[in-house]
Structure formats: structure tokens, C-alpha cells
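Hi,

Here is the structure I promised to pass on. Have a look at it first, and then read my notes underneath.

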Amino acid sequence: MKFRYLPILLLVSSVILLSQCEKDPDPSGIDDDALFSMVQNNNFVYYKGSNTLLNGAGDSPHGSFKLRFNAKAASVLDASGKLPAGVSFPDSSIVLKEVYSGNTLQLLIPMMKFPSHNQSASGWLWAEYGPSGKVVYALKKKGSGCTGCHGGSTNRDFTRSFDLH
């Protein structure tokens, strides 16, 4: 008779224990550390094939920058190095803006196309990192400070550089 309630006790204990476990914020494993690691890859190609420093244009808050693309993103750029109007980047594309002050790298600003990620906004992950990986603008903010400008009518899949440079 003592053990009659044991299965129920074990079941209730298991449910309570499992409900206290922290859930993975995203099953894909892409978080700020992982995205920063991805942009450290030297296989990115420069905008228009040149690592020339571009001046911020229009109402850009980013200042002078270099623009790079991973292979997935570069695969849809046209002969002039731009994303054609009306074309979208494929999933897992990364567009990386490297922001400089003079000749000193200040920020790495990646956008990663990942519509199914629980922290994406408008189909993209948005972040900013210092050169050493310090998070300046976290994925968890879901592009709240980015999509207002990037969603303007002159964008090409939420990128602005193609219309400004």
C-alpha cells in the first residue's frame, strides 16, 4: 500500500522538474556568439569587388563603412555587384557592414536572412558587435531600431546600400 502513490508522485515530480528547465532560445543554435563567429569568416566578398571605404549616405546612422557578403548572398548579386530590384536574398545570406572611424574598425553590423528564427524581424536577424565581439545591439531586440529605415520604399530586401552607393 505504501507504494500505491509512488507512480503518481514520480510523474508529478518529473513534470515539475521539466517545467523548470530553461528552454533553448532558438533551436537553430544561432545566437549572438554564433553570428559573431560566422562573420569572422574571411570568405566574404566585398561590395563591387573592392574593399574601398564608402561614406555614409542619406540618413544612414552608420558612417563610413565597407560592405561584404557571404557566398550565399553574393550568389544573387548582378554584374555591377548589386542586388537587382525585386530580387530577394536566399535564406542564410549574410550582409556585413564594417563601420570605421578613420582607419579603425568600430562595429560589425551583420544582417542574416533567417525568416524562421524566433528573433528575426522582416525575415532578417539584426545585430551589431564591437571588433572583439562585444554585443552592441543584440539579436533579441529583433531589429527594433533597424527595420524602420531598412523597410523604406527604396530598399532591396531590407538592404539600403544598393540604392545609396
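Below is what I found, starting with the whole chain and ending with two residues.

First, a caveat: this is a predicted model, so confidence comes before anything else. The mean pLDDT of the chain is 81, with 76% of the residues at 70 or better. Over residues 9-25, though, the pLDDT drops below 50, and that stretch makes one contact in the model beyond near neighbours in sequence. Where pLDDT is low, the predicted coordinates should not be read in detail. If you rank the elements by mean pLDDT, helix H1 (residues 6-19) comes out lowest at 47, while strand S6 (residues 128-129) comes out highest at 96.

On to the fold. You'll find five helices and seven strands in the chain. Reading from the N terminus, the order is α-α-β-β-α-β-β-β-β-β-α-α. The chain has 165 residues, and 39% of them count as buried. Its accessible surface comes to about 9500 Å², with carbon and sulfur atoms accounting for 56% of that. As for how the chain comes together, take the contacts between residues at least 6 apart in sequence: 48% of these join residues at least 24 apart.

Now the two residues. Asparagine 70 sits in the loop between strand S2 (65-69) and helix H3 (71-74). Is asparagine 70 buried or exposed? Its relative accessibility is 13%, so asparagine 70 counts as buried, the cut-off being under 20%. What does its side chain meet there? A polar atom of the asparagine 70 side chain lies 3.0 Å from the backbone oxygen of serine 92. On the same theme, the backbone nitrogen of isoleucine 94 lies 3.0 Å from a polar atom of the asparagine 70 side chain. Setting aside neighbours within four places in sequence, the contacts of asparagine 70 are Phe44, Ser92, Ser93 and Ile94.

Serine 144 is the other one to look at. You'll find serine 144 in the loop between strand S7 (135-137) and helix H4 (147-150). Serine 144 counts as exposed because its relative accessibility is 60%, and the cut-off for that is over 50%. What is the C-alpha to C-alpha distance between serine 144 and alanine 121? The answer is 8.0 Å, with their positions 23 residues apart in sequence.

When you open the model, I'd start with asparagine 70 and its contacts to Ser92 and Ile94, then go over to the loop that holds serine 144.

Cheers

Key
Residues are numbered from 1 along each chain as its sequence is written. This is a predicted model: local features need pLDDT of at least 70, side-chain atom pairs count only at pLDDT 80 or more; totals for chains, interfaces and linings use all residues. Side-chain values use heavy atoms; hydrogens and water are left out. Helices (H or I, at least four residues) and strands (E, at least two) are DSSP runs, numbered from the N terminus. Buried means under 20% relative accessible area, exposed over 50%, partly exposed in between (1.4 Å probe, protein chains only). Contact means heavy atoms within 4.5 Å. Accessible areas come from the Shrake-Rupley method with a 1.4 Å probe; for residues, only the protein chains shown count as cover. pLDDT is the predictor's confidence in each residue, from 0 to 100. A polar contact is a pair of N or O atoms within 3.5 Å; within protein, one must be able to donate a hydrogen and the other to accept it, and residues adjacent in sequence count only if both atoms are side-chain atoms.
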